[in-house]
Amino acid sequence: MKNSFSQHKIFFTFLAKFVLFYIAFSVLYTLYLNQFDAKRNELDGFTHLVASQSVRIMGFFTEDVKMQPHVFQPAEQIIYHGKNVARVVEGCNGLSVMILFAAFIFAFSAQWKKTVIYILLGIFLLHILNCFRIAFLCFALYHYKQYGTLLHGTIFPLIIYGAVFLLWILWVTKFSDYARKSAT
């Protein structure tokens, strides 16, 4: 058993760091969300920010777009050409994906400064991409409502998860300690 652990020490270290980071930040995120009363339709500030920034992006292409609080849910409704095309709920804000992204980077960490900078830049990029994703999803849902399930459930999630995967690959191959060890 001891020999098996030492043979796979890198894997177990990665796994422990990943799980600990993911759990710690998921707990912090849950504590953040618990500040808001879903029964009173209170939406967290970050989800509101994401919805607002997505509407601003849409505003570059059209003037006929607005956002309003949902009456029966903790959500923001996006109205395009007078039609409710989407509602932005907590799950749309991308924070869970950002935690997953950061946990992987931390688990493959290099020097602290490089790791923190990459995580912050990656989270910023994922946030911007997510806002564009929501904006373009709203346009797509308005024009191609019949493909709503495919667009919302498959195509647009592929964009965000694809970006996370590419950022992971870039980290492992170019910036992590593993990349440095492989190059020598």
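## Packing of helices α2 and α4

Helix α2 crosses helix α4 in the right-handed sense. In this predicted model, α2 covers residues 9-33 and α4 covers residues 95-107, and their axes come within 8 Å at a crossing angle of roughly 150°. The two helices are therefore roughly antiparallel to each other, since an angle over 145 degrees is counted in that class.

On the α2 side, the contact is made by Phe14, Lys17, Phe18, Phe21, Tyr22, Phe25, Ser26 and Tyr29. Their partners in α4 are Leu95, Ser96, Ile99, Leu100, Ala102, Ala103, Phe104, Phe106 and Ala107. Sorted by class, this contact of α2 with α4 comprises 14 nonpolar, two polar and one charged residues.

## Packing of helices α5 and α6

A second helix pair is formed by α5, residues 112-143, and α6, residues 148-175. Their axes come within 10 Å and cross at roughly 160°, which makes α5 roughly antiparallel to α6. The contact of α5 with α6 contains 19 nonpolar, five polar and two charged residues. The crossing of α5 and α6 is right-handed.

Thr115 belongs to helix α5. With a relative accessible area of 1%, Thr115 is buried, because the cut-off for that class is under 20%. Beyond residues up to four places away in sequence, Thr115 touches Ile105, Phe106, Ser109, Ala110 and Trp171. Of these partners, Phe106 also takes part in the contact between α2 and α4.

## The three-stranded sheet

The strands form an open sheet of three, in the order β1-β2-β3 and with antiparallel pairing. Its edge strands are β1 and β3 (83-88), each of which pairs on one side only. On average, and with direction ignored, neighbouring strands of the sheet are turned by 30° against each other.

Strand β1 spans residues 65-69 and strand β2 spans residues 76-80; the two pair in the antiparallel sense over five bridges. Within this pairing, Lys66 stands opposite Ile79 in β2. The connection from β1 to β2 is a hairpin of six residues. Strands β2 and β3 likewise pair in the antiparallel sense over five bridges, and here Glu76 stands opposite Val88 in β3.

Asn84 is a residue of strand β3. Its relative accessibility of 38% places Asn84 in the partly exposed class. Apart from neighbours within four places in sequence, Asn84 is in contact with Gln77, Ile78 and Ile79. Asn84 and Phe60 are 24 residues apart along the chain, and their C-alpha atoms are separated by 19 Å.

## Helices across the sheet

Helix α3, made up of residues 45-59, lies across β1, β2 and β3 and runs at about 165° to β1. Helix α5 lies across β2 and β3, where it runs at about 145° to β3. Helix α5 thus has contacts with strands in addition to its packing against α6.

## Loop residues with positive phi

Most residues other than glycine have a negative phi. Two loop residues of the model depart from this pattern. Asn41 has a phi near 60°, a positive value in a residue other than glycine, and is located in the loop between α2 and α3. Asn41 has a relative accessible area of 26% and is therefore partly exposed.

His81 is not a glycine either, yet has a positive phi of about 50°. This residue is found in the loop between β2 and β3. At 38% relative accessibility, His81 counts as partly exposed.

## Overall architecture

The secondary structure of the protein consists of seven helices and three strands. Along the sequence these elements follow the pattern α-α-α-β-β-β-α-α-α-α. Taken along the principal axes, the C-alpha atoms fill a box of roughly 65 × 35 × 30 Å.

Of the 184 residues in the protein, 39% are buried. Among contacts with a separation of 6 or more, 61% involve residues 24 or more positions apart.

Note on methods:
Residues numbered from 1 in each chain as written. Predicted model: local features only at pLDDT ≥ 70, side-chain atom pairs only at ≥ 80, totals over all residues. Heavy atoms only, no water. Axes fitted to C-alpha atoms, helices over the stretch in contact; angles between N-to-C directions. Helix = DSSP H or I, 4+ residues; strand = E, 2+ residues; numbered from the N terminus. Parallel < 35°, antiparallel > 145°, perpendicular 65-115°, else oblique. Left-handed = near helix turned anticlockwise from the far one by under 90°. Nonpolar A, V, L, I, M, F, W, Y, C, P; charged D, E, K, R; others polar. Contact = heavy atoms within 4.5 Å. Pairing = 2+ DSSP bridges. Buried < 20%, exposed > 50% of the residue type's maximum accessible area, 1.4 Å probe, protein only.
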